[in-house]
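Trainee: I'd like to learn how to read a model like this one. Could you walk me through it?

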2 protein chains.
Amino acid sequence: MQAQLIALDWGTSSLRAYKLGPAGVVLEQRALASGIMHLPTEARDIAGVRCTDGFELAFDAACGDWLDVAPHLPVIACGMVGSAQGWSEAAYRATPVDVSSLGQALHRVRSLRGVEVHIVPGVIEPDGLPNVMRGEETQVLGVLQSLPAGADVLIGLPGSHCKWVKVVEGRITHFDTFMTGELFAILSKHSILGRTQKPCEQFQAQAFDRGVHVALSADGERGLLSTLFSARTLGLTAELSAEQQADYLSGLMIGHELAGLPGSAKHQPIILVGAVALCTRYQRALALCGFAHVSLAQEATERGLWQLAVEAGLTQPATEA
Amino acid sequence: MQAQLIALDWGTSSLRAYKLGPAGVVLEQRALASGIMHLPTEARDIAGVRCTDGFELAFDAACGDWLDVAPHLPVIACGMVGSAQGWSEAAYRATPVDVSSLGQALHRVRSLRGVEVHIVPGVIEPDGLPNVMRGEETQVLGVLQSLPAGADVLIGLPGSHCKWVKVVEGRITHFDTFMTGELFAILSKHSILGRTQKPCEQFQAQAFDRGVHVALSADGERGLLSTLFSARTLGLTAELSAEQQADYLSGLMIGHELAGLPGSAKHQPIILVGAVALCTRYQRALALCGFAHVSLAQEATERGLWQLAVEAGLTQPATEA
């Protein structure tokens, strides 16, 4: 099958490149460590010019050989590559947004070899406390593609900064961010709680569940700043072993996050997108919290990038080569 | 005036030594960096013996010269020195406790020079999620000394691990811990929120107040994991300058802490103990949260240690030399 589109998922710490064929089928994919905070630095010739620009170097490493073979392939990218610290800033679009409004707002940057890279803008919810995302909007659109048109759904994207995105009639109308993943990492690495944790290969289900239940209990109403200390005291009183403490903390924090979701979400379809191990944790915690309809989505990013490229007219919806 | 007692406030990162005279008046005091995690390591002769023990070395540095002059002075100590990682473990006493029950439960360790050091036990609240403190119980008893006997009061001790201690009829009946101080420090140092903060000498009152208000708002009900991200997005939308971000975060976190206190505390006398700058922040936030009766206490530790020494019979309540 002939390649139709190069799609890049370019975040803070990694860069994933997809060569997509007709109807967005994945022909080839690669993962590089060249996130926008970890760009290559070694100078190289690109299109006959000595180049030191990290974005150009990473772009060339990700898909230069694909473009050598097919120089006119359209290129689309999402994620932090479009942030103020990225290759070129793609201004946020305000909620509500859908695949059509985002697809028509792609921001272009011309690479050294003359290829235009079309960057998906991030999304801002400006009302009240402002909220932003970059990359997750594309994953959400990828999930929607496999649902009936006009679906109402809540999409959870666990990670460093977990997003919960509300979709009404196929449009992103609202979203919240929870810094659960980043906070868990720095608590384990830099706080007193990490000092007594012992790494453990096996998932400590009982400790995880206990953490979720504490977040939902009357103790949990004092908030995370208070319940966090129990990860230490339950160790001191020998109720948690050193091996159980990390999963207890994980359950506790995810439990607090889920307690912050609107109550109405309990009876709504929920779809999780992200690394499978992490989504499985969330699925378990959601069940404990009484969320009834939870499923997992796959390949959301590449599907979303394909949809946006179609909307932008960069490629055709279902050409068979 | 003649010295009556040596009192040590010996925590994780510092060691404060007080030479107390009649009625507990402070004759001399010192602050050393020799907390139990930062003990001296250089060998020295103590009482004619070559010594390498960090606790002995720190003890000698803190009050060896006072004991040379008056070898029979009683010595009392509180704080992490009595923890499992301390000089000698003073087992926790369970709530409820008062000055009398703690004073009669001092734990003794004999120093190289033959002097007994009397260590105040920490306090544990074993019911429900367990909670512990070491050192704060002594400060609470020091505060109570200046109140009418049998007072009912809520005592707040801001710090790395902020304690809120409920006192009913002169007894510690319940307490909560909030990891506000430690979490603020690691978020500022190790998270994405710290990257855009610019240090600022001047207290940013407006930003601090805004943080408190956000914690109390409908947005705050999603919990700290969610509102934390606003410290970043309000920067992105230019609603907070780089200089304001740290105080916004401080107000936000203290606001969430105070939102976790029982509602009944609003009409109760509250007394704050700790570093003046930090207590002033809490006082401001408490006012914004509608807590009506707040005051600050001074010299709580040395007063508490004196009271406990009196209860233990180590010294006399009000001898005039």
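Mentor: Sure. Keep in mind that this is a predicted model. Let's begin with one side-chain pair: Arg222(B) and Asp176(A) form a salt bridge, with N and O 3.3 Å apart.

Trainee: Where do the two partners sit in their chains?

Mentor: Look up the element that holds each residue. Arg222(B) is in the loop between α6 (205-216) and α7 of chain B, while Asp176(A) belongs to strand β14 (residues 171-178) of chain A, so this pair joins two chains.

Trainee: Are Arg222(B) and Asp176(A) buried or exposed?

Mentor: Both Arg222(B) and Asp176(A) are buried.

Trainee: How many salt bridges does the rule find across the interface of chain B and chain A?

Mentor: Two. Over all chains, the count by this rule comes to 30 salt bridges. For polar contacts between chain B and chain A, there are 11 residue pairs, both residues being at pLDDT 80 or more.

Trainee: Which elements of chain B supply residues to that side?

Mentor: Those giving at least two residues each are β11 (131-133), β14 (171-178), α4 (180-190), α5 (192-195), α7 (224-227), α8 (230-236) and α9 (245-259) of chain B. α4(B) gives the most, six residues. By type, the side of chain B that touches chain A has 23 nonpolar, 12 polar and nine charged residues.

Trainee: And how do I read the extent of the interface?

Mentor: Take the residue counts together with the buried area. Here 44 residues of chain B contact 44 residues of chain A. The area buried between the two chains is about 3,600 Å², with carbon and sulfur atoms giving 73% of it. On the chain B side, Leu129(B), Met179(B) and Leu225(B) lose the most area to chain A, together 22% of what that side buries.

Trainee: Let's turn to salt bridges within a chain. What should I check there?

Mentor: Check the distance, then the accessibility of each partner. Asp45(A) and Arg50(A) form a salt bridge, their closest N and O atoms 3.3 Å apart. Asp45(A) has 49% relative accessibility, so it counts as partly exposed. Arg50(A) is exposed because its relative accessible area is 58%, and the cut-off for exposed is over 50%.

Trainee: Is there another pair to practise on?

Mentor: Try Arg303(A) and Glu299(A), whose side chains meet in a salt bridge at 3.7 Å, N to O. Arg303(A), at 32% relative accessibility, is partly exposed, and Glu299(A), at 43%, is partly exposed too. Salt bridges can also link up: Lys19(A), Glu28(A), Arg30(A) and Asp65(A) are joined in a network of them.

Trainee: How would I check the length of a helix, say α11 (residues 300-311) of chain A?

Mentor: Compare the expected span with the model. At 1.5 Å a residue, the 12 residues of α11 in chain A should span 16 Å, and the end C-alpha atoms are 16 Å apart, so the two agree.

Trainee: Which residues of α11(A) are buried?

Mentor: Ala300(A), Thr301(A), Glu302(A), Gly304(A), Leu305(A), Trp306(A), Leu308(A) and Ala309(A). After α11(A) comes Gly313(A), with a positive phi near 75 degrees.

Trainee: Last one: how do I read a single loop residue?

Mentor: Ask where it sits, how accessible it is and what it touches. Thr95(B) lies in the loop between β7 (93-94) and α2 (99-103) of chain B. Thr95(B) counts as buried because its relative accessibility is 15%. Leaving out residues up to four places away in sequence, Thr95(B) touches Val123(B), Ile124(B), Glu125(B), Pro126(B), Ile172(B), Thr173(B) and Phe175(B).

Technical notes:
Residues are numbered from 1 along each chain as its sequence is written. Chains are lettered from A and ligands numbered from 1 in the order in which they are written. This is a predicted model: local features need pLDDT of at least 70, side-chain atom pairs count only at pLDDT 80 or more; totals for chains, interfaces and linings use all residues. Side-chain values use heavy atoms; hydrogens and water are left out. Contact means heavy atoms within 4.5 Å. Buried area is the accessible area (1.4 Å probe) that two parts lose on being put together, summed over both. A salt bridge is a side-chain nitrogen of Lys or Arg within 4 Å of a carboxyl oxygen of Asp or Glu. A polar contact is a pair of N or O atoms within 3.5 Å; within protein, one must be able to donate a hydrogen and the other to accept it, and residues adjacent in sequence count only if both atoms are side-chain atoms. Helices (H or I, at least four residues) and strands (E, at least two) are DSSP runs, numbered from the N terminus. Ala, Val, Leu, Ile, Met, Phe, Trp, Tyr, Cys and Pro count as nonpolar, Asp, Glu, Lys and Arg as charged, and the others, Gly among them, as polar. Buried means under 20% relative accessible area, exposed over 50%, partly exposed in between (1.4 Å probe, protein chains only). The expected span of a helix is 1.5 Å times one less than its number of residues.
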